[in-house]
Amino acid sequence: MNVLLLTDVNADGSLAKATHEALTAAIDVARSLARVLTVGLIGRDVAAAATSIGSSGATRFLGVRGADFDEPRYVTDAAAAHAVCLAAGADIVIAPATSRWLRVFAGVAQRLGGRVDTHVTRIAASPAAVSVTRWYYRQRIEGTTSRSERPWLIAVEPGTHEAWSGRPAPATVEPVAVSLPELRTQVTGVRSPAAGEETIRPDAELLLVAGAGWTKKQADGQTHIADAESVILRFLRSTHASLGGSKSLVDLSGEGQAVLPFMTHLNQIGQTGASPRHRKGLSTCCHGEEPHVVGWRFITERRAINLNPNCGWAQGKADVLYVADAFEVMKKVNEQLI
Ligand SMILES: Cc1cc2nc3c(=O)[nH]c(=O)nc-3n(C[C@H](O)[C@H](O)[C@H](O)COP(=O)(O)OP(=O)(O)OC[C@H]3O[C@@H](n4cnc5c(N)ncnc54)[C@H](O)[C@@H]3O)c2cc1C
């Protein structure tokens, strides 16, 4: 019995940051349990990926490779993951909690007769017991669970572990055969925003939050939507920050009001939005009410710019509050970034 890290390989043969983070978790668990670590790789070609983590201490590399495993697709990913888990004989299986793995992980656990936990932020392992920690009720309650059933499939939330880094080293990949049923799902292409135009970037160092204030009448009695748009986009282009929004701002489009066209509900941070894990956050023109700020739980360093010295950020919710006009401050910041 051993610990298995299960993951996909990018089309260019590299491994995602979320995989390197899950690898850190898997190494820790294997070490704590004094078990061997196996790595299972799935993708068009897996050799370069295995070499890239060859010095991680993994003793065995299993690979499912071929054009059928290039794209995320339930039937191929589930069959490949099932075959790798059986070949590894693993009792603890760790994967990154990306959309690709979250889609198939429960199904794979079912096929194996095992159990699954997702969005795990910490794994505590000792020879006596293994337990996982995750957040519930929109990040308000942290719970710890241990299970005796095996195999136990654990999807590790991106951003919760240091990404493993180390030298490449030779690694021999044992091929794992997968028998696939007839494929009814064909991947015909990917539609995504033009490169550089996407505004949600989970891997960014910084989160910029825009609030409804950007669309409100300013001191001259006028709104300045076009100005707001150019200031925000210029900042994003210079810093590659991720963009979040308050609920009030992203709801405006539904009310037929003037809006920032690049914001959607996917950008919403908060109780009914996302809780991202960037190291730094800068809030602009956002009041900092509790249902919004609860989404900042995992942001380590928080700053805000607001005209109102009594806004929510001033009530102990930000490390630094600049009582100032965000239009002016951000224009100055953008000038500095050139
Ligand atoms: C059940 C429930 C769930 C909710 N979930 C969420 C959620 O997930 N996410 C969320 O965001 N909200 C959520 N809300 C709503 C939340 O309570 C607030 O209403 C919302 O966050 C307010 O958005 P805002 O701060 O952008 O807008 P406003 O409250 O309108 O604040 C605008 C701010 O902009 C400032 N401002 C204006 N002009 C400038 C300028 N030139 N420079 C600097 N500052 C300026 C103003 O001083 C003001 O503080 C929820 C509410 C409920 C009841």
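In this predicted model, helix H6 contributes three residues to the shell around the ligand, which is the largest share of that shell. Helix H6, spanning 247-251, is joined in this role by helix H7 (290-293), strand S14 (301-306) and helix H8 (326-337), each of which supplies at least two residues of the shell. Of the 30 residues around the ligand, those that come nearest are Gly211, Gly213, Ser246, Lys247 and Gly270. Sorted by class, the shell consists of 15 polar, 11 nonpolar and four charged residues.

Helix H6 also contains aspartate 251, and its surroundings can be described in two ways. Aspartate 251 counts as partly exposed because it has 15 C-beta neighbours inside 10 Å, a number that falls between the limit of 12 or fewer for an exposed residue and that of 20 or more for a buried one. Along the chain, aspartate 251 and alanine 212 are 39 residues apart, while in space their C-alpha atoms are separated by 9.3 Å.

From the ligand shell we can turn to the sheet that includes strand S14. This open sheet has five strands in the order S12-S11-S13-S14-S15, and its pairing is parallel. Its edges are formed by strand S12 (242-245) and strand S15 (320-323), each of which pairs on one side only. On average, and with direction ignored, neighbouring strands of this sheet are turned by 20° against each other. Within the sheet, strand S13 (residues 280-284) runs parallel to S14 and is joined to it by five bridges; threonine 284, for instance, has isoleucine 305 in S14 as its bridge partner.

Strands of a sheet pair through backbone hydrogen bonds, and they may do so in either a parallel or an antiparallel way. The antiparallel arrangement is represented here by an open sheet of three strands, ordered S6-S7-S8. Strand S6 (122-126) and strand S8 (141-146) are the edge strands of this sheet, each pairing on one side only, and the twist from one strand to the next averages 20°. Strand S7, which covers residues 129-136, pairs with S8 in the antiparallel sense over six bridges, and arginine 134 stands opposite glycine 143 in S8.

The nonpolar interior offers another view of the structure. The largest nonpolar core has 59 residues, and Ala26, Val93, Ile94 and Ile154 are those with the most contacts inside it. Helix H1 (residues 17-33) provides eight residues, the largest share of this core. Once its neighbours within four places in sequence are left aside, alanine 26 is in contact with Val3, Leu5, Leu37 and Ile94. Apart from the largest core lies another, of 32 residues, which includes Trp214, Ala228, Ile269 and Leu282.

These elements can finally be placed in the protein as a whole. Its secondary structure comes to eight helices and 15 strands, and its C-alpha atoms fill a box of roughly 70 × 45 × 40 Å when this is taken along the principal axes. Of its 338 residues, 41% count as buried. Among the contacts between residues at least 6 apart in sequence, 69% join residues that are at least 24 apart.

Notes. Residues numbered from 1 in each chain as written. Predicted model: local features only at pLDDT ≥ 70, side-chain atom pairs only at ≥ 80, totals over all residues. Near = placed C-beta within 6 Å. Helix = DSSP H or I, 4+ residues; strand = E, 2+ residues; numbered from the N terminus. Nonpolar A, V, L, I, M, F, W, Y, C, P; charged D, E, K, R; others polar. Contact = placed C-beta atoms within 7 Å. Pairing = 2+ DSSP bridges. Axes fitted to C-alpha atoms, helices over the stretch in contact; angles between N-to-C directions. Core = buried A, V, L, I, M, F, W, Y, C linked by C-beta atoms within 7 Å.
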